[in-house]
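Thanks for coming. I have one structure to go through today, so please look at the sequence and the model on the screen while I talk.

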Amino acid sequence: MVTIVPKSPRVFIFADKGVRMHSPLIRLTLLSLLPLAVQAFQPAGKFKTEEQAKKYCPTDVVVWVNQSTRLYYLKGHLWYATTKNGVFECRKEAEEEGNSPG
């Protein structure tokens, strides 16, 4: 087991290896992992791209849900994939969440 012991505010020592790591390196590593963490917390069934939604629900219709108004739009509609606060979802799930057709 590796134990990280703070030596000073800017330097850490891995107790069993004696390797020093400066906190900027640690910060850079953590920042590089941030996009993965954000994707991991994306609610299930809500997607940024139409392709992702199609893979998730290949037998259902993909709709654009405006999360501010709780209205959903079918492909070809004026507001499909154009509103600021929206996501792609399966139509069935959008309706189960209480969203209405726009």
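Is Ala81 buried, partly exposed or exposed? Ala81 is partly exposed, at a relative accessible area of 38%. Before I go on, note that this is a predicted model, and every value I quote is computed from it.

I start with Ala81 because of its backbone: phi there is positive, about 60°, although the residue is not a glycine. Ala81 sits in the loop between β5 and β6. Arg70 also has a positive phi of about 60°, and it is not a glycine either. Arg70 is in the loop between β4 and β5, where β5 covers 71-73. With a relative accessible area of 41%, Arg70 is partly exposed.

Now the sheet. It is open and has four strands, in the order β6-β4-β5-β7, and the pairing is mixed. The edges are β6 and β7, the latter being 100-101. Each of these two has a single partner strand, so one side of each has no neighbour in the sheet. The pairing of β5 with β7 is parallel and runs over two bridges. On the β7 side, Pro101 is the bridge partner of Tyr72.

Next, the interior. The largest nonpolar core has nine residues: Phe47, Ala53, Cys57, Val62, Trp64, Tyr73, Tyr80, Phe88 and Cys90. Two strands, β4 at 62-66 and β6 at 86-90, each contribute at least two residues to this core. There is also a second core, separate from that one, with five residues, among them Val63, Val65, Tyr72 and Val87.

Tyr80 is a useful residue to select on the screen. Leaving out residues up to four places away in sequence, Tyr80 touches Glu50, Val62, Val63, Trp64, Tyr73, Leu74, Lys75 and Phe88. Of these contacts, Trp64 and Phe88 come up again, since ring pairs link Trp64, Tyr80 and Phe88 into a cluster.

That brings me to the aromatic pairs. A pair of rings is described by how far apart the centres are and by the angle of the planes. The count for this model is three aromatic pairs. One of them is Phe47 with Tyr56, which is tilted, at 5.1 Å centre to centre and 50° between the planes. Phe47 counts as buried at 13% relative accessibility, whereas Tyr56 counts as partly exposed at 41%. Another is Trp64 with Phe88, an edge-to-face pair with 4.8 Å between centres and 70° between the planes. This pair links distant parts of the chain, with Trp64 in strand β4 and Phe88 in strand β6, 24 residues apart. Trp64 is buried at 6% relative accessibility, and Phe88 is buried, with a relative accessible area of 6%.

Then the disulfide. How many does a search of the whole structure find? The search finds one. The bond joins Cys57 to Cys90, at 2.1 Å from S to S. Which parts of the chain does the pair tie together? Cys57 is in the loop between α2, at 50-56, and β4, while Cys90 is in strand β6, so the tie is between parts 33 residues apart in sequence. The torsion about the S-S bond is about -110°, so this disulfide is left-handed. Cys57 and Cys90 are both buried, and both belong to the largest nonpolar core that I listed earlier.

The last residue is Asn99. Where does Asn99 lie? Its place is in the loop between α3, at 91-96, and β7. Why does Asn99 count as buried? Its relative accessibility is 8%, and the cut-off for buried is under 20%.

As for what surrounds this side chain, Asn99 reaches the backbone oxygen of Ala94 with its side chain at 3.0 Å. A further polar contact, of 3.4 Å, is between the side chains of Asn99 and Glu97. Not counting residues up to four places away in sequence, Asn99 touches Val65, Arg70, Leu71, Tyr72, Glu89 and Ala94. Two of those names have come up before: Arg70 is the residue with the positive phi, and Tyr72 is the bridge partner of Pro101.

That is all I have for today.

How values were computed. Residues are numbered from 1 along each chain as its sequence is written. This is a predicted model: local features need pLDDT of at least 70, side-chain atom pairs count only at pLDDT 80 or more; totals for chains, interfaces and linings use all residues. Side-chain values use heavy atoms; hydrogens and water are left out. A nonpolar core is a set of buried Ala, Val, Leu, Ile, Met, Phe, Trp, Tyr and Cys residues joined through side-chain atoms within 4.5 Å. Buried means under 20% relative accessible area, exposed over 50%, partly exposed in between (1.4 Å probe, protein chains only). Contact means heavy atoms within 4.5 Å. A disulfide is a pair of cysteine sulfur atoms within 2.5 Å. Rings of Phe, Tyr and Trp (its six-membered ring) pair if their centres lie within 6.5 Å; planes under 30 degrees apart count as stacked, over 60 as edge-to-face and the rest as tilted. Two strands pair if DSSP finds at least two bridges between them. A polar contact is a pair of N or O atoms within 3.5 Å; within protein, one must be able to donate a hydrogen and the other to accept it, and residues adjacent in sequence count only if both atoms are side-chain atoms.
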